[in-house]
Amino acid sequence: KLIQDISVLMQETKENIKEKLPKIYSKDLVEILFHHPYTKIDFLVSELRLHRETASKYLKEVENLGILQGVKIGRGKYFVNIRLFNRLKKGLEIDI
């Protein structure tokens with residue numbers, strides 16, 4: 001159930017970004033947003049080979065769609081995948 005829910009979230013996120021931000025959409029970007037419940041600029045820099053400014057712009061644009069929420073912790077900024085985080089927080093739904 002958890003895996004199915006994450007798969008659905010990933011597909012919905014893909015469609016949302018593809019429709020509303022076609023210039024920055026990539027399969028790799030969507031996958032990075034689901035590697036962890038949060039993303040950092042450094043993840044996009046290293047995995048997508050983007051400049052820091054471009055990576056920051058991409059994450060802010062996705063944040064403006066309501067998919068991510070920026071959180072400043074210390075000197076770093078993290079972008080939390082809101083729906084993924086909430087689904088993971090809900091935990092496993094196991095009927096025994």
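## Exercises on a predicted model: salt bridges and overall shape

The side chains of Lys57 and Glu61 form a salt bridge, at 3.6 Å from N to O; the term stands for a side-chain nitrogen of Lys or Arg within 4 Å of a carboxyl oxygen of Asp or Glu. The model is predicted, so local features need pLDDT of at least 70 and side-chain atom pairs count only at pLDDT 80 or more, while totals for chains, interfaces and linings use all residues. Residues are numbered from 1 along each chain as its sequence is written, and side-chain values use heavy atoms, with hydrogens and water left out.

**Exercise 1.** Work out how Lys57 and Glu61 are placed in helix α4.

*Solution.*
- Step 1: find the element. Helix α4 covers residues 52-64; helices (H or I, at least four residues) and strands (E, at least two) are DSSP runs, numbered from the N terminus.
- Step 2: count along the helix. Lys57 and Glu61 are four residues apart, and therefore about one helical turn separates them.
- Step 3: check exposure. Lys57 is partly exposed at 47% relative accessibility, and Glu61 is partly exposed too, at 22%. Here buried means under 20% relative accessible area, exposed over 50%, and partly exposed in between (1.4 Å probe, protein chains only).

**Exercise 2.** Describe the salt bridge between Glu31 and Lys27, and state how exposed each partner is.

*Solution.*
- Step 1: take the distance. The N to O value for this pair is 2.6 Å.
- Step 2: place the pair. Both residues belong to helix α2 (residues 27-35), and they are four residues apart, or about one helical turn.
- Step 3: read the accessibility. Glu31 is partly exposed at 26%, whereas Lys27 is exposed at 54%.

**Exercise 3.** Find which parts of the chain the salt bridge between Arg87 and Asp5 ties together.

*Solution.*
- Step 1: recall the principle. Side chains of opposite charge can pair when their charged atoms come close.
- Step 2: apply the distance. The closest N and O atoms of Arg87 and Asp5 are 2.7 Å apart.
- Step 3: locate the partners. Arg87 sits in helix α5 (residues 82-90) and Asp5 in helix α1 (residues 2-20), so the pair links parts that are 82 residues apart in sequence.
- Step 4: judge burial. Arg87 is buried at 7% relative accessibility, and Asp5 is buried at 18%.
- Step 5: widen the view. The salt-bridge count comes to six.

**Exercise 4.** Characterise Arg49 by its backbone angle, place and exposure.

*Solution.*
- Step 1: look at the angle. Phi of Arg49 is near 60 degrees, a positive value in a residue other than glycine.
- Step 2: find the place. Arg49 lies in the loop between α3 (41-48) and α4.
- Step 3: add the exposure. With a relative accessible area of 71%, Arg49 is exposed.

**Exercise 5.** Compare the radius of gyration of the protein with the value for a compact globule.

*Solution.*
- Step 1: set up the rule. The radius is taken over C-alpha atoms, and the globule rule is 2.2 Å times the number of residues to the power 0.38.
- Step 2: compare. For 96 residues a compact globule would come near 12 Å; the protein has 14 Å, which agrees.
- Step 3: add the box. Along the principal axes, the C-alpha atoms fill roughly 50 × 35 × 20 Å.
- Step 4: add the fold. Five helices and three strands make up the secondary structure, in the pattern α-α-β-α-α-β-β-α along the sequence.
- Step 5: add burial. Buried residues make up 30% of the 96 residues.
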